[in-house]
Amino acid sequence: MSENATLFVNAAQTVTCAGPARARCGPEMADAVVRADVAVLVEGDRIAAVGDHQTLRNTRVDAFIVDCAGGVLTPGFVDSHTHAIFGRARYEEQELRAAGVPYMEIARRGGGIHASVRDLRARSEADLFEAAAPRLRALASSGVTTVEVKSGYGLSLEDEIKSLRVVQRLSQSLPMRIVPTWLGAHEIPLEFRERANGRRLYIDLLVHEMLPVVARERLARFADVFCEPGVFTPNESREILTAARHAGLGIKLHADELEAGGGAELAGELNATSADHLAAVSQAGIAALASAGTVATLLPGTMLFLGKTSQAPARRLIDAGVPVALATDFNPGTSPTTNFPLILTLGVSQLHLSVAESIVAGTVNGAAAVGLAARTGQLAVGFSADLALWDIHDVRELPYWYGAGRCRASWARGKPCHSHDLALTFTG
Ligand code: NIG
Ligand code: FE
C-alpha cells in the first residue's frame, strides 16, 4: 500500500490493446481489445490491474477515483514521428504548392527545410523551448502521452546540439514521455551544397563531429536520415546509419516519401526499428521490411497536406506482414497538425484501415517504432500508466468526429498530462 493509487471507473468502453509486448502484424492488428464494464487500477506510475470495478475498489479502498462518466478510455497515444523543434511557420509554401510548385522544387529554390534551418540557426535555445513547449502540450491535449521529437533544422554541430538540448529540456519539464531522435541528415545544408565535394564533407561532419557528441552526451536514442532522391542516397544513408548504430543509437529512416529510391530496402537490410512515410515504397521494399520486422510508420497527414492523391499502401504492407504505425509527422513544412485523432481518421478513410487497426497503429505499434513496446501502448498490468479519456461512448467515434478535440484528459506515467478544463492554464 505504499504507492498512491488511482482507480478509473465507469468507462463505457476500455480499449486495452492488451497482447504481446511487441509490434503487431497482420491479423494481430485487427483486435484492439474493447472491454465494457472494467475498471483500471493505477499504482504509482504503473497499471496494477484491469478488471471488475467492485473487486478493485475493495483491493485499494484508499484509491483516488476518476469517474470516466461513460466516456472511452484508451492507452495514451504514441506519436512516433515529429519534427517539433522549429521556429517560424512556413505557411507561404502552401500557396506555392497550390499554384503547382512541387515540394522538392521549393527546396531547390532555398525554401523548405532550408528556410527552417536559416530561421532556427538565428534563435536561442530558450526561444526554441518557448516555441516547442505549447506544441507538445497541444499534442498532449489530443491524447498523446509519448512523443518522438527529431532535430534536423540545425544541420551544423552547434545547431543540432542546440535542438537536441531543447528536446532534453522539454522532457525534463513536461509530463509526457519524449523520445529524442538525431536527424542531422535531414538535408545537405546550402553552404555544403554550394561547395565542390560538399556532400562528402557534410557526411564527414555528421559522422565524425556531430554523432560523437550526440552519443557521448546521450542526446538522442535514435538516428534518422531523409533517404530520398535529391536528398541522401541509400549508400550515404547506410554510411551514416551504420556509424550511428556503432555509436549505440537505434535506426530510423525517412524512406520513399515522394519517390521510390531504395529507402525501404535499406531499412530492411539494416534492421531499422522503423521506416517512415513509404508513400512510394516498392514491392521489394515491402518484402525487405517484412523480413526484418521493421515497423512501417505511415504519415497520412503529410500526403493530405501536400495535396497528393495517393497514400502509402497500408493494406499491402499489412498483408505482407509488416507492422504498421500511424503518426502525425508534425512539422512546419509538410504536416503542421498536432491532432492525433485526425491521423486515425485518415488511417481509416485514406489508408483503408479498420478502426481497431488504426488504434493499434497509434498505440502498440507506435510504441514499437520508438523501441518502447514493452513499456507503453497497452492498458495491461505492468505497463506504464499512460491513458487517455475521451468524450465519446463508442471507440468508433474516435476517427468519426474528424478534426474534433474530444480528449477529456490524459495521464502519462500516472501523472496528469492534459486536462480539458485546464488546457489553457497548463504550465511547462
Ligand atoms: O517528414 N521529409 C522530410 N522531412 C519532413 C518535412 C520537413 C520540412 O518540410 O520541413 C517530413 O515530411
Ligand atoms: Fe518526417
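A cavity here is a set of grid points where a 1.4 Å probe fits but cannot get out. Keep that in mind as you click through this predicted model; the closed spaces come up a few stops from now.

**Stop 1: the two domains**

Colour residues 5-75 plus 376-419 one way for domain 1, and 78-368 another way for domain 2. Their C-alpha centres sit 29 Å apart. To see where they meet, show the contacts between them: 36 residues on the domain 1 side touch 34 residues of domain 2.

**Stop 2: the iron ion**

Next, select ligand 2, the iron ion, and bring up its donors. Which residues coordinate the iron ion? You should find His81, His83 and His254, each through NE2, plus Asp329 through OD, with distances of 2.1 to 2.4 Å. Along the chain, the donor spacing reads H-x1-H-x170-H-x74-D. His81 is in the loop between β8 (77-79) and α2 (92-98), while Asp329 is in the loop between β15 (324-326) and α14 (340-349), so this pair ties together parts that are 248 residues apart in sequence. Are His81 and Asp329 buried or exposed? Both are buried.

**Stop 3: the cavities**

Switch on your cavity display. There are 3 cavities of 30 Å³ or more. The largest has a volume of about 80 Å³, and its lining includes three names from the iron stop: His83, His254 and Asp329. Select the rest of the lining too: Tyr103, Ile113, Tyr153, His186, Phe226, Glu257, His277, Asn331 and Thr334. By class, that lining has 4 nonpolar, 6 polar and 2 charged residues.

Now hop to the second largest cavity, at about 50 Å³. His277 turns up here as well, along with Ala279, Leu298, Leu299, Pro300, Met303, Gln311, Ala312 and Leu351. This lining splits into 7 nonpolar and 2 polar residues, with no charged ones.

**Stop 4: the largest pocket**

Time for an open space. The largest pocket has a volume of about 330 Å³, and 20 residues line it. To centre your view, pick Pro102, Tyr103, Met104, Arg108 and Leu258, the ones nearest the middle of the pocket. Tyr103 should look familiar from the lining of the largest cavity. Which helix gives the most to the pocket lining? That's α3, with 4 residues; its range is 103-108, and α7 (190-193) also supplies at least two. Colour the lining by class and you get 10 nonpolar, 3 polar and 7 charged residues.

**Stop 5: helix α4**

Select residues 113-121. This is α4, mostly covered, with 7 of its 9 residues buried. The buried ones are Ile113, His114, Ala115, Ser116, Val117, Asp119 and Leu120; Ile113 also lines the largest cavity. Show what surrounds them: the buried residues of α4 pack against α2, α3, α5 (125-140), α6 (157-173), α7 and β11 (222-227).

**Stop 6: Asn339**

Finish at Asn339, in the loop between β15 and α14, which is also where Asp329 sits. Its relative accessibility is 16%, and the cut-off for buried is under 20%, so Asn339 counts as buried. Which residues does Asn339 touch, leaving out those up to four places away in sequence? Light up Ser142, Gly403 and Ala404. For a last check, draw a C-alpha to C-alpha distance from Asn339 to Ser142: they are 197 residues apart in sequence but 5.7 Å apart in space.

How values were computed:
Residues numbered from 1 in each chain as written. Chains lettered and ligands numbered in written order. Predicted model: local features only at pLDDT ≥ 70, side-chain atom pairs only at ≥ 80, totals over all residues. Heavy atoms only, no water. 1 Å grid on protein atoms, 1.4 Å probe; cavity = no way out; pocket = protein on both sides within 12 Å on 5 of 7 lines; lining within 4 Å. Points joined across faces, edges and corners; volume = space filled by probe spheres on them. Nonpolar A, V, L, I, M, F, W, Y, C, P; charged D, E, K, R; others polar. Donors = N, O, S within 2.8 Å, 3.2 Å for Na, K, Ca; no water. Buried < 20%, exposed > 50% of the residue type's maximum accessible area, 1.4 Å probe, protein only. Domains from an automatic or database assignment. Contact = heavy atoms within 4.5 Å.
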